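Work through the three exercises below with the model open. Try each task before reading its solution.

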Amino acid sequence: MKLSKSEFGKMLEKKVNETHDLVILSRWAFEIFMVHQRDSEADEDMQELLLELSSMEDGEEFEFSIEELVSLSKKLQNS
């Protein structure tokens, strides 16, 4: 089943409310990427976003702030 931007935005908001640990958030995003990578209707933008989020644990230059993640979740929910 295709993961919509709006659905992922809700999931991201919930996860950010549960934890501010970027490693946990990064691994969570990668897990979602792995589950949805074979979707025949997979949105390339969503896949890129999930990979970008999953790289947060690779170094400070890849990290999103919590404020950026909250803003992103709201933007996705409104798309």
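**Exercise 1. Place Ser55 and decide: buried or exposed?**

Step 1: Ser55 sits in the loop joining α3 (44-54) to α4 (66-77). Helices are DSSP runs (H or I, at least four residues), numbered from the N terminus. The model is predicted: local features need pLDDT of at least 70, side-chain atom pairs need pLDDT 80 or more, and totals for chains, interfaces and linings use all residues. Residues are numbered from 1 along each chain as its sequence is written, and side-chain values use heavy atoms, without hydrogens and water.

Step 2: Ser55 has 16% relative accessibility, so it counts as buried (under 20% relative accessible area; exposed is over 50%, partly exposed in between; 1.4 Å probe, protein chains only).

Step 3: Setting aside residues up to four places away in sequence, Ser55 touches Ser26 and Phe62. Contact means heavy atoms within 4.5 Å.

**Exercise 2. Describe the surroundings of Phe8.**

Step 1: Phe8 belongs to helix α1 (residues 5-18).

Step 2: Phe8 is buried because its relative accessibility is 0%.

Step 3: Beyond four places in sequence, the contacts of Phe8 include Trp28, Met46, Leu50 and Leu76.

**Exercise 3. How do the axes of α2 and α3 cross?**

Step 1: The axes of α2 (residues 22-36) and α3 come within 7 Å, crossing at roughly 150° (lines fitted to C-alpha atoms over the stretch in contact; angles run from 0 to 180 degrees between N-to-C directions).

Step 2: Therefore α2 is roughly antiparallel to α3 (over 145 degrees; under 35 is roughly parallel, 65 to 115 roughly perpendicular, the rest oblique).

Step 3: Residues making the contact include Phe30 and Phe33 of α2 and Leu51 and Ser54 of α3.

How values were computed:
Helices (H or I, at least four residues) and strands (E, at least two) are DSSP runs, numbered from the N terminus.
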